[in-house]
Amino acid sequence: MSEGGKSVLIVEDEDNIALALEHLMRREGYALTRVANGAEAMPMITRDHPDLVLLDVMLPEVSGYEICQAVRQDPGLADVKILMMTARGNQMERRKGLALGADGFICKPFDLADLKAEMQRLLGEGGHV
């Protein structure tokens, strides 16, 4: 477990990306859960109240944008951080994600150092990750 017992939910339908993220998160000591489709994400977020959600934009059934918006409309989840991930990393996609309440936005394929830096920023962990 990381300092402070931080928990991360990975919402990613591409197994190769999810496995790489899982490996990184476990190595860094995070409590980790993963779902591969958008419909499963919101019930999991509500039940587990993770510190951070790594949220893919393009998901089966429910999009990452819809999930982000639903989380932000629930006052009980106000402290859940959302880092959106997309392969379509244009400015319009970024603005839309941030406008819906995402705390950060990272483009795939991403550099692991960039991902770790963004997670540190969102989780308030100085030099941990």
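**Group meeting: one predicted chain, from its outline to a few residues**

His49 is partly exposed, with a relative accessible area of 31%. I start there, and I will come back to that residue. Before I go on, please note that this is a predicted model.

First, the whole chain. The protein chain holds 5 helices and 5 strands. Read from the N terminus, the order of these elements is β-α-β-α-β-α-β-α-β-α. The radius of gyration is 13 Å, close to the 14 Å that the globule rule gives for 129 residues, so the chain is as compact as a globular protein of that length. The C-alpha trace spans about 30 × 30 × 25 Å along its principal axes.

How much of the chain is buried? Of the 129 residues, 47% count as buried. As for contacts, take those between residues at least 6 apart in sequence: 61% of them join residues at least 24 apart. The exposed area of the protein chain is about 6300 Å², and 51% of that area is supplied by carbon and sulfur atoms. On charge, there are 14 positive and 21 negative side chains. The centres of those two sets lie 4 Å apart.

Next, helix 2, which covers residues 38–48. Which of its residues are buried? They are Gly38, Ala41, Met42, Met44 and Ile45. What do they pack against? The buried residues of helix 2 pack against three strands, namely strand 1 (7–11), strand 2 (31–35) and strand 3 (52–56), and also against helix 3 (64–72). At the start of helix 2, Asn37 places a side-chain oxygen within 2.7 Å of the backbone nitrogen of Ala39.

At the other end we are back at His49, which follows helix 2. His49 sits in the loop between helix 2 and strand 3. Its phi is near 45 degrees, a positive value in a residue other than glycine.

Pro50 is in the loop between helix 2 and strand 3 as well. Is Pro50 buried or exposed? With a relative accessible area of 4%, Pro50 is buried. That value is under the 20% cut-off for buried, whereas the 31% of His49 makes that residue partly exposed. Setting aside neighbours within four places in sequence, Pro50 is in contact with Ser7, Leu9, Ile45 and Val80. Ile45 is one of the buried residues of helix 2. For a distance across the model, the C-alpha atoms of Pro50 and Leu115 are separated by 17 Å, and the two residues are 65 apart along the chain.

Strand 2 gives us Leu32. Leu32 counts as buried, at 18% relative accessibility. Its contacts, again leaving aside neighbours within four places, are Val8, Ile10, Glu22, Met25 and Arg26. Leu32 and Ser7 are 25 residues apart in sequence, and their C-alpha atoms are 5.9 Å apart in space.

Now two loop residues that are exposed. Glu61 lies in the loop between strand 3 and helix 3. Glu61 is not a glycine, yet its phi is positive, at about 75 degrees. Its relative accessibility is 64%, so Glu61 counts as exposed. Ala78 is in the loop between helix 3 and strand 4 (81–86). Ala78 is exposed too, with a relative accessible area of 59%. From Ala78 to Gly101 is 23 residues in sequence and 10.0 Å in space, C-alpha to C-alpha.

Last, the loop between strand 5 and helix 5, where we find Lys108. Is this lysine buried or exposed? At 10% relative accessibility, Lys108 counts as buried. What does its side chain meet in a polar contact? The partner is the side chain of Asp56, at 3.0 Å. Not counting residues up to four places away in sequence, Lys108 touches Glu12, Glu14, Ile17, Asp56, Met85, Thr86 and Ala87.

Pro109 is in that loop too, between strand 5 (104–107) and helix 5 (112–123). The peptide bond from Lys108 to Pro109 is cis, with omega near -5 degrees.

To recap the loops: His49 and Pro50 come between helix 2 and strand 3, and Lys108 comes between strand 5 and helix 5. Pro50 and Lys108 are buried, at 4% and 10%. That is the end of my list.

Conventions
Residues numbered from 1 in each chain as written. Predicted model: local features only at pLDDT ≥ 70, side-chain atom pairs only at ≥ 80, totals over all residues. Heavy atoms only, no water. Buried < 20%, exposed > 50% of the residue type's maximum accessible area, 1.4 Å probe, protein only. Helix = DSSP H or I, 4+ residues; strand = E, 2+ residues; numbered from the N terminus. Contact = heavy atoms within 4.5 Å. Polar contact = N/O pair within 3.5 Å; in protein donor to acceptor, adjacent residues only side chain to side chain. Rg over C-alpha atoms; globule rule 2.2 N^0.38 Å. Areas by Shrake-Rupley, 256 points an atom, 1.4 Å probe, with all protein chains shown as cover. Lys, Arg positive; Asp, Glu negative; His and termini not counted. Charge placed at Lys NZ, Arg CZ, Asp CG, Glu CD.
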